[in-house]
Amino acid sequence: METEGVRTDRFGLLLDQFDRAREMAEVRLKGLGDEEYLWEPVPGCWSIRRRGEATTPRAFGPGEWVLDLGAPEIPANEYAEVARQAAAGMSVAKIAEDWSVSVERVEEILDHKGEPEPDETPVTTIAWRLGHLHYCFAGQWEWTFGERRHEPRLLVDFTPSATLALERFWALIDRWRDSVGAMTEEQLDTVGFSQYPYGSDPDEPFISVLSGANLELIHHMAEIALLRDLWRARIASGG
């Protein structure tokens, strides 16, 4: 269905949402320089670092630069996603496997126990947020439209160059959008059309996966936009 040039069908709404989010994000990221891209607003930030300088236990990447990743834990802002996975029928064991935590930890979260301290969720740099988005979309493309065999965490060669990172990222986003835009209604409703190994994709119809991918882009780009605002305010105040 289309009303005065605006699609109102479920697929059209998701495509339009993605396109608008991408357009706003691209405008927001114009002029991003290397210093701002790597800026750590507080001590202990997660970022990208040279392999030999990584400070987190599970930092990953195929090249010289790796993306910080800490010990296995489920961030507090993902508790709702864990509850949603359980409500959708995923077993506690499968949820624990996907998040690389113990079954007991998942049970604690589902029972609303064992809340982490506020400072357990790290502050991240723009480089980390963009790198996280990049490897997530690269992995989802590979395990949906690609060969479905390559490790997602080895698909992105992280770089300290903001210009190069954005160039590679927007190329990937265009490939994702082209592939999604060519899908059929039957494929959208196919459970397990995406076999992305981190998360509940194999257990969901692809229309739900697509909605989640949109949310991932929107919320991380909003966080990047806030970091850019803080950087600008810092510079303006001479900090």
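In the predicted model, the side chains of Thr144 and Ser194 are joined by a polar contact of 3.1 Å. Thr144 belongs to the loop that lies between helix H6 (126-142) and helix H7 (162-181). With a relative accessibility of 5%, Thr144 counts as buried. When neighbours within four places in sequence are set aside, the contacts of Thr144 are Phe193, Ser194 and Phe206.

Two of these contact residues, Phe193 and Phe206, recur in an aromatic cluster whose other members are Phe18, Phe137, Trp141, Phe145 and Trp176. Across the whole structure, a search returns 14 aromatic pairs. One of them is formed by Phe145 and Phe193, whose ring centres are 6.3 Å apart and whose planes meet at 65°, so the arrangement is edge-to-face. Phe145 is located in the loop between H6 and H7, whereas Phe193 is located in the loop between helix H8 (185-188) and H9; the pair therefore ties together parts separated by 48 residues in sequence. The two partners fall into separate accessibility classes: Phe145, at 22% relative accessibility, is partly exposed, while Phe193, at 16%, is buried.

An edge-to-face geometry is also found for Tyr196 and Tyr198, because the ring centres are 5.9 Å apart and the planes stand at 90°. Within this pair, Tyr196 is buried, its relative accessible area being 5%, and Tyr198 is partly exposed at 27% relative accessibility. The ring of Tyr198 additionally lies beneath a charge: the charged end of Arg153 sits over this ring, 4.5 Å from its centre. A second arrangement of this kind involves the aromatic cluster, of which Trp141 is a member. Here the charged end of Arg175 sits over the ring of Trp141, at 3.8 Å from the ring centre.

The nonpolar interior was examined next. The largest nonpolar core comprises 50 residues, among which Tyr37, Phe137, Trp176, Phe206 and Met221 touch the most other members. Two or more residues are given to this core by each of helix H1 (10-28), strand E4 (65-67), H6, H7 and helix H9 (206-236). H6 provides the largest share, with 10 residues. Phe137, Trp176 and Phe206, listed among the residues touching the most other core members, also belong to the aromatic cluster. For Met221, the contacts beyond neighbours within four places in sequence are Ala25, Leu29, Leu130, Leu133, Phe169 and Trp170. Apart from the largest core lies another, of 10 residues, which includes Ile74, Tyr79, Trp99 and Val101.

Cysteine pairing was assessed over the whole structure, and the search found zero disulfides. Cys45 takes part in no disulfide, the nearest cysteine sulfur being that of Cys136 at 19 Å. Likewise, the closest cysteine sulfur to that of Cys136 is in Cys45; because the two sulfurs are 19 Å apart, the separation is too far for a bond. A disulfide would require the sulfur atoms to be within 2.5 Å. Both residues are nevertheless buried: Cys45 has a relative accessibility of 2%, and Cys136 has a relative accessible area of 12%.

Key: Residues numbered from 1 in each chain as written. Predicted model: local features only at pLDDT ≥ 70, side-chain atom pairs only at ≥ 80, totals over all residues. Heavy atoms only, no water. Buried < 20%, exposed > 50% of the residue type's maximum accessible area, 1.4 Å probe, protein only. Helix = DSSP H or I, 4+ residues; strand = E, 2+ residues; numbered from the N terminus. Polar contact = N/O pair within 3.5 Å; in protein donor to acceptor, adjacent residues only side chain to side chain. Contact = heavy atoms within 4.5 Å. Core = buried A, V, L, I, M, F, W, Y, C linked by side-chain atoms within 4.5 Å. Phe/Tyr/Trp six-rings, centres within 6.5 Å; stacked < 30°, edge-to-face > 60°. Lys NZ or Arg CZ within 6 Å of the ring centre and 35° of its normal.
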